[in-house]
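Here are some exercises to work through with the model open beside you. Try each task before reading its solution.

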Amino acid sequence: MGLLRYTAGRVVQAIPVLIGITVITFILANLAPGDPVRLMLQGQEVNQEVIARIERQYGLHRPLHERYLTYMSNVLQGDLGHSIHRDRPVTALLAQRAGPTLMLVLSAYAFALATAIPLGIIAATRRNEPTDHVSRIVALIGVSTPSFWIGIVLILIFAIQLGWLPSSGLVYPWRSPDQYGYSGYPELAYQTIRHLLLPMIALGTLQMATLMRVERTQMIESLQGEYVKLARAYGVPERTILRKHAFQVAQLPIITIIGLNLSTALGGAVLTEYVFNINGIGRLFLEAIQSLDYQLIMGITIVIGTMFVVGVIITDISYAYIDPRVTYGEHD
Amino acid sequence: MSSRSDPLLRVENLKTQFFTDAGTVRAVDGISFEVYEGEIVGLVGESGAGKSVASMSLLRLVDSPGQIVDGEITYKGETIFGLEEGPDGDLHEREDMLTNEEVRTRIRGNEIAVIFQDPMESLNPVFTVGSQLREFIELNRDLSSDEARREAVDMLREVGIPDPAERYEEYPHQFSGGMRQRVLIAMALACEPNLIIADEPTTALDVTVEGQIIDLVDDLQAKYGTSFIWVTHDMGVVAEICDRVNVMYLGEIVEQAPVDELFYDTKHPYTEALLNSMPRPDRTVAELDPIRGVMPEAINPPAGCRFHPRCPDAREACKRIHPENREVARADGQPHRAACIKHDVFGDEYEESVPLEERAQETAASATDGGESEGSGVESRSQSGSESGNTSKAGSQHGGDDRE
């Protein structure tokens with residue numbers, strides 16, 4: 001089947017991208033000022049012999065390209081190295097933190113889509129009416145306001161002033177209610193949502209604003225299409241035209257935007273996790289940078305890079321699946 | 001065309017206008033015509049003459065800011081559009097006028113279907129050709145989903161698409177332009193309408209494909225007896241396919257005649273000019289004679305006869321008198337109408353006035369003619385002439401011509 005071959009092709013194309021990501025981060029991490037060995041010793045006075053021994057232990061005495069190749073062969077075996085600072089395997093640290101980040105990013109996207117698509121359609125059908133102007137202003141604010149600022153304002157209003165929602169941490173639905181001292185799963189679900197609400201909105205607003213504008217533009221364009229004129233001329237009800245004929249065509253660019261915005265969403269997650277005190281990959285990343293934990297920085301960069309590349313591949317594939325005009329490369 | 005009983009469609013004094021920031025665009029300005037059962041009626045004119053707006057008005061599908069403002073459209077005795085004067089003197093929609101919902105369910109598709117100009121854009125790119133056909137058939141005929149599917153495949157075969165069952169499952173981008181136009185024809189016929197509006201259906205196609213499509217429509221029209229309104233700018237296509245022709249210029253019908261009459265006994269200088277600007281097999285000419293100038297915008301139509309700034313026969317009277325479409329001859333018991341005062345039925349005003357020759361004079365004269373009040377009344381003065389400021393704008397229009 002063409003789609004399968006297309007998918008395989010896209011995965012193969014992603015390999016050079018991933019190699020590029022690792023080379024650049026590896027070089028940057030090693031060129032950065034600060035000596036990891038001295039940092040690990042935390043200012044203790046030791047003689048050169050000790051330093052040399054530690055360097056040998058971690059292979060730091062070998063040339064850069066050799067170290068890179070060793071590192072990559074480990075990565076391919078699923079070993080992202082060892083955090084010197086924390087004295088734990090990087091993969092273990094990442095596994096522990098991946099859940100909260102995924103939960104945050106996915107819920108932010110869900111929030112963005114659930115609000116942006118209906119709002120965009122409403123703005124498109126009421127073009128240049130008050131509703132449209134309001135939505136334009138909301139979108140402008142959403143695009144131009146950083147997620148951490150929105151997060152702080154949300155905390156000030158809903159957590160501190162009103163006291164409706166918690167301001168920090170997440171409740172993980174995959175844990176047992178007993179761990180939190182909740183009465184049962186209904187309370188666990190309720191608390192999960194309560195804790196997730198503010199960070200989700202903080203991170204999702206930018207996506208919502210972008211998607212809403214794209215949805216509006218696409219719907220306006222689609223509604224002016226000849227196929228819509230034709231459908232009207234054949235007596236198709238306006239409702240069906242909106243929901244089916246115009247809508248389907250208008251969704252194609254939305255998918256692209258979602259895939260490409262994954263990078264901003266992951267970047268926003270770093271700050272959102274920091275503001276809301278969530279123990280996700282984003283916060284781990286900040287901490288790793290502050291402590292010059294190179295192995296951890298490398299590991300997280302590779303994981304985030306891979307996530308982004310996978311996101312783009314999924315976008316392309318779903319595009320090919322939804323838009324029949326995209327060929328799988330065999331008709332060309 | 002045998003029995004001239006009641007027409008299938010009667011359009012009377014239809015006016016459709018667009019209310020834009022720059023002013024009111026009189027896209028369709030008082031046209032009247034009929035379509036009888038089983039005939040192909042042409043609607044011919046240059047781009048911007050108002051042909052497409054006129055044909056979309058018949059389905060009450062005029063996009064905002066456009067609006068049908070006056071006139072009457074009757075189809076099989078039903079009023080698609082009609083106004084009457086209320087007690088307060090304003091025009092109101094008539095009681096018997098179909099509601100939006102009635103037009104949608106009873107007229108669009110099942111009574112009057114359309115074929116659009118651009119087959120590349122008219123089909124929805126994300127649905128299969130078959131599903132689009134089936135949707136329209138289900139909507140406009142009392143058929144189940146399966147029956148509609150069978151009907152769709154049959155219709156694809158009927159319009160000459162090979163392997164219709166396989167093609168049914170394919171997407172529009174997998175069809176060539178000619179094939180897509182066949183799909184649109186299948187779509188129109190499959191809904192079993194009594195009238196099909198074909199809006200420049202062959203303009204976007206290669207000439208060879210155009211010929212095939214015209215032959216196809218000719219055959220199918222003979223077989224199904226469907227009436228057509230054929231909108232085009234191409235006199236060659238008109239000659240090939242139409243029974244009767246309406247020539248439109250700037251929102252008005254300027255000549256109306258059976259097709260042979262129109263070609264061999266042309267009564268309006270605009271039609272004449274259109275014919276001279278295209279190659280004809282029955283005449284050998286050294287070179288083609290294009291119509292001079294460009295069509296003015298319908299936002300400020302020239303006063304008097306709208307064609308006079310471009311008309312080789314124009315005389316001074318043409319600037320004052322806005323002629324209606326009158327019967328100037330009869331052929332085979334059918335009227336031949338033209339809106340040109342050089343014909344006798346319009347009186348002798350034309351004979352008595354001086355030809356407009358020098359364009360410079362024309363410009364100078366048009367600046368003053370707004371003040372003159374020629375009450376001799378061969379014809380009521382132009383509707384637009386009564387609006388203040390219109391004449392001077394018409395004058396500036398001449399100025400525009402001068403620069404060219």
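**Exercise 1. Find the contacts of B:Ser52, leaving out residues up to four places away in sequence, and decide whether B:Ser52 is buried, partly exposed or exposed.**

Solution. Keep in mind that this is a predicted model.

Step 1: Beyond its sequence neighbours up to four places away, B:Ser52 touches B:Asp199 and B:Val231.

Step 2: Place the residue in its element: B:Ser52 belongs to helix H1 of chain B, which covers residues 51–57.

Step 3: Count the surroundings. There are 19 other C-beta atoms within 10 Å of B:Ser52. A buried residue would need 20 or more, and an exposed one would have 12 or fewer, so B:Ser52 is partly exposed.

Step 4: For a longer distance, go to B:Lys223, 171 residues away along the chain; its C-alpha atom and that of B:Ser52 are separated by 27 Å.

**Exercise 2. Work out the strand order of the open sheet of 8 strands in chain B, and find which strands stand at its edges.**

Solution.

Step 1: Reading across the sheet gives E8-E9-E10-E3-E11-E12-E14-E13, with mixed pairing.

Step 2: E8 (112–115) and E13 (326–331) each have a single partner strand, so they are the edges, and one side of each has no neighbour in the sheet.

Step 3: From one strand to the next, the twist averages 20 degrees.

Step 4: Look at the edge pair. E13(B) pairs with E14(B), residues 334–338, in the antiparallel sense over 5 bridges. Within this pair, B:Ala329 is opposite B:His336, and B:Ala331 has B:Gln334 as its bridge partner.

Step 5: Finish at the turn. The hairpin has 2 residues between the strands, and B:Asp332 takes a positive phi near 50 degrees.

**Exercise 3. Which residues of helix H11 of chain B are buried, and what do they pack against?**

Solution.

Step 1: In H11(B), residues 269–276, the buried residues are B:Pro269, B:Tyr270, B:Thr271, B:Ala273 and B:Leu274.

Step 2: Their packing partners in chain B are helices H9 (235–241) and H10 (259–264), together with strands E11 (244–249) and E12 (252–258).

**Exercise 4. Describe how helices H11 and H14 of chain A pack.**

Solution.

Step 1: H11(A) spans residues 238–260 and H14(A) spans residues 294–322; their axes are 8 Å apart, at an angle of about 170 degrees.

Step 2: Angles over 145 degrees count as roughly antiparallel, and therefore H11(A) and H14(A) are roughly antiparallel to each other.

Step 3: List the contact. From H11(A) come A:Leu252, A:Ile255, A:Thr256, A:Ile258 and A:Gly259, while H14(A) brings residues including A:Gly311, A:Val312, A:Tyr319 and A:Ile322.

Step 4: Sort by class: the contact has 7 nonpolar, 5 polar and no charged residues.

**Exercise 5. How many residues does each chain give to the contact, and which helix of chain B gives the most to its side?**

Solution.

Step 1: Chain B contributes 23 residues and chain A contributes 17.

Step 2: On the chain B side, H2 (100–107), E8, H3 (119–122) and H4 (129–140) each supply at least two residues. H4(B) gives the most, with 3 residues.

Step 3: By class, this side of chain B has 12 nonpolar, 7 polar and 4 charged residues.

**Exercise 6. Compare the UniProt domain spans with the secondary structure of the model.**

Solution.

Step 1: An unreviewed UniProt entry lists "domain: ABC transporter" for residues 9–275 of chain B. That span is 38% helix and 29% strand, with its end C-alpha atoms 28 Å apart.

Step 2: For chain A, an unreviewed UniProt entry lists "domain: ABC transmembrane type-1" for residues 98–319. Here the chain is 82% helix and 0% strand, and the end C-alpha atoms lie 27 Å apart.

How values were computed: Residues are numbered from 1 along each chain as its sequence is written. Chains are lettered from A and ligands numbered from 1 in the order in which they are written. This is a predicted model: local features need pLDDT of at least 70, side-chain atom pairs count only at pLDDT 80 or more; totals for chains, interfaces and linings use all residues. Axes are lines fitted to C-alpha atoms, for helices over the stretch in contact, and angles run from 0 to 180 degrees between N-to-C directions. Helices (H or I, at least four residues) and strands (E, at least two) are DSSP runs, numbered from the N terminus. Angles under 35 degrees count as roughly parallel, over 145 as roughly antiparallel, 65 to 115 as roughly perpendicular and the rest as oblique. Two residues are in contact if their C-beta atoms, placed from the backbone, lie within 7 Å. Ala, Val, Leu, Ile, Met, Phe, Trp, Tyr, Cys and Pro count as nonpolar, Asp, Glu, Lys and Arg as charged, and the others, Gly among them, as polar. UniProt positions are given in the numbering used here, feature names are shortened, and annotations may be inferred rather than shown by experiment. Two strands pair if DSSP finds at least two bridges between them.
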